[in-house]
Amino acid sequence: MKKTVICPGSFDPVTLGHQDIITRASKMFDRVVVAVLVNSSKTPTFTTEERIELLREAVGDLDNVEIVSFDGLLAEYCKSCGINTIVKGLRVVSDFEYEFQMAIVNKKLNPTLETIFLTADADSTFLSSSMVREICSMGGDISNFVPACVHDRIVAKYRKS
Ligand code: ADP
């Protein structure tokens, strides 16, 4: 049977860390659904459409990856599309506590749901979207942190605002 997994997140914006996890998942599984969270408690800097477009640029060349957006509970979304495996990246110990809790809650809400963790690449353990946003908003160089193909679009967003 073909194995589909979901990589959920805010992707606000996509970083080299996200690109690495999605690329590795695409080599391990038949199909990877990258799911952009719409209703986060935080107001995103990039609109849902922008986040999807940046992801398309960053990972759109991977044949078995598709990008969607979802609203509401991840556990319910997975149920509605028949996906029972979540793939997440783990950076540092501080990620672990939150992700461990989320994995248990998701399983309580949807008992068929398993969460698999991939360790972050050594070069991106420190990397987060919020760090990229902060550096970029202060005019810093983000070229080591985001895929080259989306660099200019991310910078342009900050020039506009
Ligand atoms: P953040 O806003 O913290 O950058 P997201 O909510 O967009 O992250 O994260 C989506 C997924 O990507 C999560 O599983 C997260 O753990 C993972 N991820 C985020 N940054 C990295 C990174 N630098 N390396 C590996 N995985 C990452």
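Around the ligand of this predicted model there are 15 residues, and those that come nearest are Phe11, Gly89, Ser124, Leu127 and Ser129. Two of these nearest residues, Gly89 and Ser124, also take part in polar pairs through their backbones: a backbone N or O atom of glycine 89 lies 2.5 Å from an oxygen atom of the ligand, while a polar backbone atom of serine 124 is 2.8 Å from a nitrogen atom of the ligand. Serine 10 adds another such pair, since one of its polar backbone atoms is 3.1 Å from a ligand oxygen. Taken on its own, the ligand has 540 Å² of accessible area, and the protein covers 89% of it.

Phenylalanine 11, one of the residues nearest the ligand, leads us to the loop between strand 1 and helix 1, where it lies. This residue is buried, with a relative accessible area of 5%, and its backbone deserves a careful look, for its phi is near 50°, a positive value in a residue other than glycine. The same loop, between strand 1 (4-9) and helix 1 (16-28), also holds proline 13, which is joined to aspartate 12 by a cis peptide bond with omega at about 0°. As a background to both features, most residues other than glycine have a negative phi, and most peptide bonds are trans.

From this loop we can turn to helix 2, which runs over residues 48-59 and so has 12 residues. From its first C-alpha to its last it reaches 16 Å, close to the 16 Å expected at 1.5 Å a residue. Within helix 2, the buried residues are Thr48, Arg51, Ile52, Leu54, Leu55, Ala58 and Val59. Because they cover an arc of only 165° around the axis, they lie on the same side of helix 2. The general pattern behind this is that an α-helix has 3.6 residues a turn, so residues three or four places apart point the same way.

Finally, the cysteines invite a question: how many disulfides are there? The count comes to zero, where a disulfide would require a pair of cysteine sulfur atoms within 2.5 Å. For cysteine 78, the closest cysteine sulfur is that of cysteine 81, and because the two are 5.9 Å apart, they are too far for a bond. Cysteine 149 is likewise in no disulfide, as the nearest cysteine sulfur, in cysteine 136, is 15 Å away. In their surroundings, cysteine 78 counts as buried at 1% relative accessibility, whereas cysteine 149, at 40%, counts as partly exposed.

Definitions and conventions. Residues numbered from 1 in each chain as written. Predicted model: local features only at pLDDT ≥ 70, side-chain atom pairs only at ≥ 80, totals over all residues. Heavy atoms only, no water. Helix = DSSP H or I, 4+ residues; strand = E, 2+ residues; numbered from the N terminus. Expected span 1.5 Å × (residues − 1). Buried < 20%, exposed > 50% of the residue type's maximum accessible area, 1.4 Å probe, protein only. Arc of directions from axis to C-beta. Near = heavy atom within 4 Å. Polar contact = N/O pair within 3.5 Å; in protein donor to acceptor, adjacent residues only side chain to side chain. Areas by Shrake-Rupley, 256 points an atom, 1.4 Å probe, with all protein chains shown as cover.
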